[in-house]
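Here are some short exercises to work through with the structure open beside you. Try each task on your own, then read the solution step by step.

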Amino acid sequence: MAEHPIVDDLSFGIPPLDHFIATLVDDAGALSQTTKLALAVASFALFFSEFLVLRVVLKHVWPAAQPTLQFANRFTAMTHGVIITLLAAILCWDAPVPHGFGLSNTPEQDFVFCVSLGYFANDQLSMSLFGLEDDAGGTLLHHASSLLVLIYTLISGQSGCELLRAAFLLEATNPNLHIRWMLRSFNMSTSAVYMANDAMFMVLFTLFRVVVGLPLTYLTVSDPGVSMFVKISALGMQGVSLFWFFTIMRKTLKIVKRLIAKQPKVKKADRKKKKN
């Protein structure tokens, strides 16, 4: 297994978290498979507890069963998205793009992956138990593939930098998606907040998934030290990102054309009067 010369000494810069991870590291300077499993189980328990607590609290605010479940599920998803985006951003900031391909994972990277693994396992179970799937199996398929990639990376102990960057790029736009759903639920789809959130989502999606995502995918696929499984996964994730990018752009163009069509047309006679 390759050494990690660039990011061996990285930390989150959060003393309690750094101290906690330091207590988990074994003599080889890594997290054992048993420790990874325990962290993933703990993450699962915490996210599932959050979901159940939110469901009980929201029931007093919103009695309807299905919206309550959806809100609890989406709040939990937002919590995961924010946590992973922040932790991944901290580690990616100190790991330059030209380095870290196909190399061994650091304890900090494995910690992030364990947190994410616990969340996806929790969300997969929650959606299956409470029937929260609303896009013909798309989310369940996405979660299953995410679980597979996370498990592979944790067991193999390699390509942590690639997956960490992918996690940041993929999770950074997720809060906007859930905020969009919540605003629509409150019949605020025509509000300024809704439009601003949509605009922010499109800008971030284009920046992270296309402008940054394409070069990183190329670097990952072209690096001889990266395993074939990781290369195929990177191509698959980039393919899905491009599919949604073109779908979003197509819908955006339709909305723009509709708005232009609604604008009152100025007749030629009126134009001449204005000139005179």
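**Exercise 1.** Find the partner of Asp-198 in a salt bridge, and say which helices the pair ties together.

*Solution.* Start with the charges: Asp-198 forms a salt bridge with Arg-180, and their closest N and O atoms are 2.9 Å apart. Next, place the two residues: Asp-198 sits in helix H8 and Arg-180 in helix H7, so the pair links parts that are 18 residues apart in sequence. Keep in mind that you're looking at a predicted model, so these are values computed from that model.

**Exercise 2.** Work out whether Asp-198 is buried or exposed, then do the same for Arg-180.

*Solution.* You need one cut-off here: a residue is buried when its relative accessible area is under 20%, and partly exposed when it falls between that and 50%. Asp-198 has a relative accessible area of 17%, so it counts as buried. Arg-180 comes out at 31%, so it is partly exposed.

**Exercise 3.** Count the salt bridges in the model, and describe the one that Lys-36 takes part in.

*Solution.* The count comes to two salt bridges. Lys-36 pairs with Asp-110, with 3.5 Å between the closest N and O atoms. Asp-110 belongs to helix H4 (residues 107-130) and Lys-36 to helix H2, so this pair ties together parts that are 74 residues apart in sequence. Now check how covered each residue is: Asp-110 is buried at 3% relative accessible area, and Lys-36 is buried at 7%.

**Exercise 4.** Which residues does Lys-36 touch, leaving out those up to four places away in sequence?

*Solution.* First find Lys-36 in helix H2, which covers residues 33-61. Then look around it: Lys-36 touches Leu-31, Asp-110, Cys-114 and Leu-154. You've already met Asp-110 as the salt-bridge partner of Lys-36.

**Exercise 5.** Locate two surface patches, one of positive charge and one nonpolar.

*Solution.* For the positive patch, pick out Arg-250, Lys-251, Lys-254 and Arg-258, which gather on the surface. Arg-250 lies in helix H9 (residues 228-262) and is partly exposed, with a relative accessible area of 47%. For the nonpolar patch, go to Phe-186, Met-188 and Val-193, which make a patch of about 270 Å². Phe-186 is in the loop between helix H7 (174-185) and helix H8 (192-222), and it is partly exposed at 49% relative accessible area.

**Exercise 6.** How far apart are Thr-252 and Met-202, in sequence and in space?

*Solution.* Begin with Thr-252, which is found in helix H9. At 22% relative accessibility, Thr-252 counts as partly exposed. Now go across to Met-202: the two are 50 residues apart in sequence, yet 9.2 Å apart in space, C-alpha to C-alpha.

**Exercise 7.** Zoom out and describe the whole protein chain: how many helices and strands are there, and what part of the chain is buried?

*Solution.* Go through the elements: the protein chain has 10 helices and zero strands. Of its 276 residues, 42% are buried. Then turn to the contacts: among those between residues at least 6 apart in sequence, 77% join residues at least 24 apart. Finish with the surface: the protein chain exposes about 15600 Å², and carbon and sulfur atoms supply 70% of that.

Notes. Residues numbered from 1 in each chain as written. Predicted model: local features only at pLDDT ≥ 70, side-chain atom pairs only at ≥ 80, totals over all residues. Heavy atoms only, no water. Helix = DSSP H or I, 4+ residues; strand = E, 2+ residues; numbered from the N terminus. Buried < 20%, exposed > 50% of the residue type's maximum accessible area, 1.4 Å probe, protein only. Contact = heavy atoms within 4.5 Å. Patch = residues over 30% accessible without salt bridge, like charges linked within 9 Å, V, L, I, M, F, W, Y side chains within 5 Å. Areas by Shrake-Rupley, 256 points an atom, 1.4 Å probe, with all protein chains shown as cover. Salt bridge = Lys/Arg side-chain N within 4 Å of Asp/Glu carboxyl O. Lys, Arg positive; Asp, Glu negative; His and termini not counted. Charge placed at Lys NZ, Arg CZ, Asp CG, Glu CD.
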